[in-house]
Amino acid sequence: MAVDITYKNGVLVLKRLGNFDIESILECGQCFRWERNKKNDYTGIVGKNVVRIAQTGDSVEFIGCDLNDFNDFWFSYFDLGTDYEAIIKELSANDEIMKTAAGFAPGIRILKQPLFETLVSFIISANNSIPNIKRIITSLSSMYGKRIIFENNEYFSFPEPTALANADVKDIALSKAGYRSQYIRKTAAAFMTDPLTVTMLKDMAYANAKKKLMEYTGVGSKVADCTLLFSGAFTNAFPVDVWVKRVMEELYLKEDTPIKKISDYAINKFGNLGGYAQQYLFFYARSNL
DNA sequence: CCACAGGACGGCT
DNA sequence: AGCCGTCCTGTG
């Protein structure tokens, strides 16, 4: 069952990689900077790292990636050190709903994304649709990021806090971020003077880390939970958006329930696996409800 | 043209 | 403390 890793001519190949479905991982709403070239073939930029990933069955190719890139960055980004089979087993025990939801997309993984990038991306996500969020981030990156050429195409790294902090709100608004433009600039400025790291968040209790994030302008409960979960800080974070609210009411609670109550229910029910449960439920809801 | 989808904020009870 | 109008953009 062990994963087999080989590297030749700029292509790193993982064989027998379980619980890894590139489409589920990249289309489940946790990341915004991957473009689909064709089915099961995506190119993405994370921080300053660009890579193309092509999957056939349980064999996954990382193109334009050497062993160092993989060990230093992508292994952690794709959360390859975590046993998802065990997580699904635990969530599914005595819970037919989770069994169905996780069984629907067992190849989902929760990415560990750079903190500032994740925070700003989810500030942009507030009251917004996924295609629009992607457009805004692409636009901001081309204005304030660094240009990188990969496979003869042009990519731009996510902007550094300084670049956004020093930008004019009017210029940020050219990205079509709308009223979120001032949130982006203010948060970047705060981040620049008082940088926050995932390590710092992990050293706090979950509730304190969430409070800390909610001090940034444009960050409410949902955006804070998304940032904690998708930066790899807390696996118990359970972001409740309209879809999760819908699926929780439909499958578990059977009645209209305030968001805060849904959070409490999930924390109590799923504990440290809440974040994984949320992703399975979210993906299931988007595809079936 | 209008209705609607998607969360945070701030002003109001 | 909770309720609700407003914010911006894209789509049907």
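This is a walk through a predicted model of a protein chain with two DNA strands. Because the model is predicted, local features need pLDDT of at least 70 and side-chain atom pairs count only at pLDDT 80 or more, while totals for chains, interfaces and linings use all residues. Residues are numbered from 1 along each chain as its sequence is written, chains are lettered from A and ligands numbered from 1 in the order in which they are written, and side-chain values use heavy atoms, with hydrogens and water left out.

Let us start with the overall layout. Chain A is divided into domain 1 (4-81), domain 2 (115-230) and domain 3 (242-288), with bounds that come from an automatic or database domain assignment. Between the C-alpha centres of domain 2 and domain 3 there are 25 Å.

Now look inside. A nonpolar core is a set of buried Ala, Val, Leu, Ile, Met, Phe, Trp, Tyr and Cys residues joined through side-chain atoms within 4.5 Å; buried means under 20% relative accessible area, exposed over 50%, and partly exposed in between, using a 1.4 Å probe and protein chains only. The largest such core has 69 residues, and F238, M248, F270 and Y280 touch the most other members. Its biggest giver is helix α15 (residues 274-288), with eight residues. Helices (H or I, at least four residues) are DSSP runs, numbered from the N terminus. Domain 2 (115-230) and domain 3 (242-288) each place at least three residues in this core. To see one member up close, pick M248: not counting residues up to four places away in sequence, M248 touches F238, L253, I262, Y265, F270 and L281, where contact means heavy atoms within 4.5 Å. There is also a second, separate core of 22 residues, which includes I22, L26, C31 and I53.

Next comes DNA strand B. A residue is near a strand if one of its heavy atoms lies within 4 Å of it. By that rule 18 residues surround DNA strand B, the closest being N127, Y179, G218, V223 and W243. Of the atoms of DNA strand B that come within 4 Å of the protein, 58% are sugar and phosphate. Helices α12 (221-230) and α13 (242-253) each supply at least two residues of this surface. Some polar contacts (pairs of N or O atoms within 3.5 Å) can be picked out here. A backbone N or O atom of N127 is 2.3 Å from a base nitrogen of DNA strand B. Phosphate oxygens of this strand lie 3.3 Å from a backbone N or O atom of V242 and 3.1 Å from a side-chain N or O atom of W243.

DNA strand C has its own set of neighbours: N127, N132, R135, K176, G178, Y179 and R180. Here 86% of the strand atoms within 4 Å of the protein belong to sugar or phosphate, and the rest to bases. The side chain of R135 has an N or O atom 3.2 Å from a sugar or linking oxygen of DNA strand C.

Finally, two serines are worth a visit. S231 sits in the loop between α12 and α13 and is buried, with a relative accessible area of 4%. The S231 side chain reaches the backbone oxygen of T227 at 2.7 Å. Leaving aside neighbours within four places in sequence, the contacts of S231 include L111, L115 and V198. S141 belongs to helix α6 (residues 130-144) and is buried at 0% relative accessible area. With the neighbours within four places set aside, S141 is in contact with R33, F156, S157, F158 and P159.

Conventions:
Polar contact = N/O pair within 3.5 Å; in protein donor to acceptor, adjacent residues only side chain to side chain.
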